[in-house]
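Biologist: Got a minute to walk me through this one? I'd like to start with the ligands and then jump around a bit.

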Amino acid sequence: MKGVIRLALRYLRYYKSQTAALFLGIVLAAALFSGLGGLLGSGRKAAAENARVLYGDWHYCLTGEAADTENTAGSGFSIEKTGRLYLGDIVNGREDIRLACADEGYLDMMFIKAEEGHLPQNADEIAADENTLRTLGAKEGLGETLQINGESFTVCGITDGLPEKLAEQKDLPSMVFVNAEDSSFQEFNYIKFNETRKVYKQMMSLCSDRKLSFKELKQNLGLCELVGGESPARIFEVFKAGLSQKEMGLPYIWGTLNGDGALAEGVILLGTGIFGILMIYSLYRVTLRKRLSQYSVMETLGMTDGYKAAVLFTELFMLGLAGYPVGCLVGNAAAYGIYSKVGRIFVTRNTARHTGGSSFAEADLPDAGNYVISTDIMLFGSAALTAVFILIAALLVMKMRKHSLRQMIAENTDKKRSRKIYSLRRSDLSGIVAKRFMFPTKAGTAGSMLSLAVGSVLFLGSVFVTENTRRNNQLTFKADDGLGSDMQVMIDSENYDTVVSQDRSEALANISGISSCHAVRYTLGEIEFKDGAFKWTEFYPELCNYEDWQQDPDIMERFGGIAVKSGEDSYKLKVNIYGYDDQMLAELGDYLFEGTIDPDAMRRDDTVIFKPLMDGQGNYDGADVSLGDTLTIKTIRPDSPPEAMRFEGDESLYDNDDLSVSAIVSRPLAKVDDLIGDDGTDTIDVIMTCEQMERYFSVTGSRTISISLENSENSRKVYEQVCLALKGAEGCIVKDYTEQIARQDLYLSQKMFFFYGISAVIFGVSLIHIMNSLQYFITSKRREFGILRAMGMTDAGLRRMLALQGARYGLLSSAVIAVMYLAVQKMLFYFMTHVYLYIHPNSFISYKVLFSVLAANIAVCILVSVLAGRSVLKTGIIEEIKE
Amino acid sequence: MTVLQVSNVSRDYGEKNNIVHALQDISFSAAQGEFIAIVGTSGSGKSTLLNLVGGLDTPDKGSIIIRERELSGLSRKELTIFRRRNIGFVFQDYSLMPVLNVYDNTVLPVTFDKGSYVDHSFIEQLLKELGLWDKRTRYPNELSGGQQQRVALARALAAKPAIILADEPTGNLDSRNAVEVMGLLKNSVKKFGQTILMVTHNESLAQTCDRILHIEDGRLLPERSGE
Ligand SMILES: Nc1ncnc2c1ncn2[C@@H]1O[C@H](COP(=O)(O)OP(=O)(O)OP(=O)(O)O)[C@@H](O)[C@H]1O
Ligand SMILES: [Mg+2]
């Protein structure tokens with residue numbers, strides 16, 4: 001063993017510059033990997049902490065028979081906290097309020113305290129949150145007497161409600177806490193495991209230990225998926241479903257498994273890891289040819305395979321032992337700095353799958369918490385690196401064994417060699433010589449090209465995604481969240497004809513500080529799609545007969561369903577009809593799929609814009625509508641009763657207009673979603689000019705008004721004036737987005753900056769890597785260059801030859817980069833359109849970036865060759881030949 | 001006619017304390033068509049001398065004049081071009097290009113000269129005479145030491161240089177082959193009027209040359225005339 005170490009050390013010292021390069025490579029790879037791992041891990045941790053606040057600090061809840069299990073320790077799981085909740089009768093006949101009794105553990109998990117007063121101590125006391133008390137008719141609060149199920153109780157405390165997101169879940173009632181525990185009360189047993197191990201596994205152990213059935217188990221999904229709550233069986237199920245059902249496919253698998261972004265993070269880390277390992281391998285590989293012959297000589301002196309492998313491995317391992325910790329230190333230090341500055345950009349958020357009307361803008365930006373060093377990732381990285389070292393050592397020894405000794409010493413491992421005599425054909429042999437130096441074997445060339453290309457491909461890929469993310473964010477905000485405008489006026493009313501009158505909206509434009517003001521005219525309509533023109537019959541629950549998937553009864557009541565079957569293969573769909581001014585129509589151009597948007601032509605030719613449905617995989621082909629088709633739009637005549645929204649009554653309530661489609665877009669601007677589409681599902685929309693709205697349907701009022709400010713500083717004053725101007729208008733809400741927009745912009749620009757930064761680092765590393773390998777290739781051939789010079793090659797000739805060779809090297813690697821990147825781009829584009837549902841992503845990276853990267857590669861190759869050539873020329877010929 | 005004039009040449013290696021006087025105050029001249037053997041013990045300075053004459057290295061003192069051109073007066077580029085037109089090298093360790101086959105190795109120096117074209121019939125004849133013709137598509141590592149040595153020799157002769165500097169060109173050959181190679185060299189000298197400086201450890205081969213230069217410890221021993 002001592003001998004092995006001594007020999008390994010000797011080799012490391014002998015190949016000093018290679019050792020240094022390899023050491024640096026390991027440090028860089030470790031820094032990138034551990035730093036990125038730490039950032040992503042910290043983000044996850046922060047996400048988990050945020051989820052804890054929103055969903056409660058528990059993982060599983062045992063119900064029914066299982067609830068009275070003792071929460072004692074057992075093998076394979078460790079319980080950190082438990083809480084018990086007992087639910088009693090419903091209160092005063094309301095299904096959504098129940099009597100409850102909870103232990104301290106439960107209250108602690110749900111962050112429930114008495115804000116005022118105290119929790120019930122006597123049998124006639126109750127405590128509840130403010131909303132529940134109000135629902136029950138309490139007016140004063142503390143000390144008040146309330147009648148509950150026929151008995152009198154005194155309000156002794158006002159508590160916090162359930163955690164925000166937990167409270168939104170449908171089957172959870174509001175609770176009125178009492179101090180009586182009845183045996184008829186339903187028991188719930190909440191468990192929080194120790195999070196250092198995957199909670200799913202612990203739950204499995206608990207279940208098998210106590211012989212519990214999974215049916216009696218509820219999971220805190222919001223938190224569990226961030227702390228290892230995903231069951232492997234479910235992963236398998238997801239794969240099965242995704243692969244067997246055509247309409248689901250890859251987007252479904254990815255979307256489901258990546259619900260919390262874990263998969264995407266895994267892919268990022270894997271990419272970085274592979275990049276690092278390829279870099280280390282290729283750094284090692286360049287020193288190989290010299291070493292191979294060295295080892296072969298050792299073999300003739302009686303070194304066994306095992307000994308050789310041991311020396312090789314020890315060499316690498318010692319470098320790793322020194323380099324890996326240094327890298328982790330550097331990486332974590334950098335990550336710490338980054339995280340403390342812009343940590344929140346790493347906090348996982350489910351922003352990708354929202355399709356409209358959702359609350360990205362409304363939710364506060366997440367709290368980043370502190371940077372946590374990700375020991376898991378570092379340990380995993382060190383294990384992976386060791387494994388790679390073992391693999392390299394084994395591979396090399398095998399390679400040495402396969403080739404005969406003489407071949408080895410002759411530094412030639414290529415079997416098939418050209419037998420051509422080049423000088424018969426051409427007068428210059430230097431090109432051939434150089435080519436054979438640079439690309440000695442096909443496999444070697446392919447390997448080094450691949451390792452050189454990976455960095456650039458990673459860079460290009462992340463630039464491509466980042467470009468499109470930025471574009472998608474802008475477009476999404478404008479369309480879905482109204483963030484395209486600084487301020488918005490909206491109508492909150494369930495009636496289709498509650499609008500802001502034209503007079504009022506025109507008055508708004510005169511308020512000082514407002515630079516522009518776009519009132520969107522709106523009405524509800526219905527379109528009948530006949531003879532199979534509507535294809536997604538499974539899009540609406542009211543068209544299917546699923547027990548566990550039903551349309552909201554409220555919607556059924558008010559509209560008679562968003563979609564109604566009107567005949568064999570015919571369906572009537574409720575649609576939104578918008579009237580835009582010309583400037584908004586121009587902005588809608590960003591979302592154009594087909595056709596042209598020309599307001600004058602629309603007014604002249606009676607044409608409109610159609611916005612189709614989008615499904616969860618980014619498909620838009622739900623209804624068979626193409627340019628030139630005529631839509632028969634049924635609208636409600638003014639002053640009809642609200643029941644007209646069912647589109648069932650007497651035809652005298654409605655107008656019918658035939659309009660043809662001149663453009664198809666992916667999104668409406670300033671969307672109205674409080675009539676249909678309230679639940680976040682997508683709707684079909686028809687968009688036209690304001691004038692058309694008036695002409696066809698006599699609609700002049702608007703449901704949304706988008707306001708842009710001259711500058712965002714005096715938004716407060718403008719807001720007050722807008723409110724004043726709208727005073728008395730029915731259902732009018734004014735929202736000031738200026739602050740959110742500023743915050744959002746900062747958040748996004750930080751995120752973009754980071755991704756550009758990381759990709760730039762990777763690109764930089766890969767350029768250094770190219771330089772190093774090329775430099776090494778050239779200096780390792782000094783002897784041969786010496787011979788060429790002795791044979792009469794001039795300095796200029798040598799320089800020319802190397803520059804040419806550098807260019808060739810650069811061109812080849814650029815070609816490899818381009819080909820690899822195009823494949824990656826195709827994949828990314830698919831993911832962006834069908835999984836992340838980006839709006840109108842560019843299908844191709846900007847040529848400027850692509851060509852800059854390729855040009856940079858070629859330029860670096862040429863530059864390095866020329867510089868290396870210079871150092872070759874500085875050395876005396878004799879010295880070189882003797883090498 | 002004097003082709004080569006070496007005057008008071010010295011060459012030292014290393015720094016102050018462990019300085020090696022590889023060559024000290026060497027002077028001699030060689031006429032066109034002369035076949036000169038250089039002998040001496042190992043480490044006496046023979047290879048150093050050839051390197052200096054070939055312009056691969058520069059002397060610390062003294063001058064070397066070949067065909068009336070003083071080498072130290074030439075620029076790097078001039079020297080390179082002068083060398084490839086006038087001097088053929090056979091290195092002690094052959095120094096073949098591993099990535100070229102026998103034929104291409106042989107013509108390599110000629111291809112550097114843009115003006116001259118490769119005389120393929122001459123190369124064919126040369127390779128045949130050296131017994132390398134049927135090995136012309138092999139690579140150096142597929143040849144024996146002796147074969148490689150003959151390729152190095154072929155390469156030195158390919159451009160028909162005025163001076164051939166050969167460092168033990170027969171060191172790896174059996175006596176029969178050695179004699180054949182000597183014959184080839186002598187023929188070449190006669191045919192093209194070349195001058196040869198050949199290092200050898202083989203006393204009997206040296207005896208067949210026109211002159212013998214003895215080097216010991218970097219100094220030229222006085223020539224015994226009349227041999
Ligand atoms: N680059 C160098 N640095 C230091 N000393 C050198 C160098 N090259 C040669 N020498 C020394 O110069 C002396 C002459 O060397 P040279 O190679 O000319 O000997 P040689 O006569 O050719 O010997 P051999 O017959 O073994 O080839 C030797 O003592 C050698 O150690
Ligand atoms: Mg010698």
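Modeller: Sure. One definition before we start: a polar contact here is a pair of N or O atoms within 3.5 Å. And keep in mind that this is a predicted model.

Biologist: Fine. Which atom of ligand 1 is 2.9 Å from a polar backbone atom of Gly45(B)?

Modeller: An oxygen atom of ligand 1. Gly43(B) also uses its backbone, with an N or O atom 2.7 Å from an oxygen atom of the ligand. Ser42(B) brings in its side chain instead, where a polar atom lies 2.5 Å from a ligand oxygen.

Biologist: And how much of ligand 1 does the protein bury?

Modeller: 67% of the 640 Å² that ligand 1 exposes when taken alone.

Biologist: Where does ligand 1 lie?

Modeller: Between chains A and B. There are 14 residues around it, and the ones that come nearest are Ser42(B), Gly43(B), Lys46(B), Ser47(B) and Thr48(B).

Biologist: Which element gives the largest share of that shell?

Modeller: Helix 1 of chain B, with three residues. By class, the shell has nine polar, three nonpolar and two charged residues.

Biologist: OK, on to the metal. What are the protein donors of the magnesium ion?

Modeller: Ser47(B) through OG and Gln92(B) through OE1, at 1.9 to 2.4 Å from the ion, which is ligand 2. They come from distant parts of the chain, 45 residues apart: Ser47(B) sits in helix 1 of chain B, and Gln92(B) in the loop between strand 6 (87–90) and helix 3 (102–112).

Biologist: Why does Ser47(B) count as partly exposed?

Modeller: Because its relative accessibility is 25%, and partly exposed runs from 20% to 50%. Gln92(B) is put in that class too, at 44%.

Biologist: Changing topic: any odd backbone? What is phi of Asp25(B)?

Modeller: Near 50°, a positive value in a residue other than glycine. Most residues other than glycine have a negative phi. Asp25(B) is in strand 2 of chain B and counts as partly exposed at 47% relative accessibility.

Biologist: And what about phi of Asn92(A)?

Modeller: Positive, about 50°, and Asn92(A) is not a glycine either. Asn92(A) is in the loop between strand 2 (79–91) and strand 3 (94–102) of chain A, and it is partly exposed, with a relative accessible area of 37%.

Biologist: Last one. What domains does the assignment give chain A?

Modeller: Domain 1 (1–56 + 260–413), domain 2 (60–219), domain 3 (416–481 + 740–883) and domain 4 (486–736). The centres of domains 2 and 3 of chain A are 61 Å apart, taken over C-alpha atoms.

Methods: Residues are numbered from 1 along each chain as its sequence is written. Chains are lettered from A and ligands numbered from 1 in the order in which they are written. This is a predicted model: local features need pLDDT of at least 70, side-chain atom pairs count only at pLDDT 80 or more; totals for chains, interfaces and linings use all residues. Side-chain values use heavy atoms; hydrogens and water are left out. A residue is near a molecule or strand if one of its heavy atoms lies within 4 Å of it. A polar contact is a pair of N or O atoms within 3.5 Å; within protein, one must be able to donate a hydrogen and the other to accept it, and residues adjacent in sequence count only if both atoms are side-chain atoms. Accessible areas come from the Shrake-Rupley method with a 1.4 Å probe; for residues, only the protein chains shown count as cover. Helices (H or I, at least four residues) and strands (E, at least two) are DSSP runs, numbered from the N terminus. Ala, Val, Leu, Ile, Met, Phe, Trp, Tyr, Cys and Pro count as nonpolar, Asp, Glu, Lys and Arg as charged, and the others, Gly among them, as polar. Donors are N, O and S atoms within 2.8 Å of the metal (3.2 Å for Na, K and Ca); water is not among the atoms, so sites may look incomplete. Buried means under 20% relative accessible area, exposed over 50%, partly exposed in between (1.4 Å probe, protein chains only). Domain bounds come from an automatic or database domain assignment.
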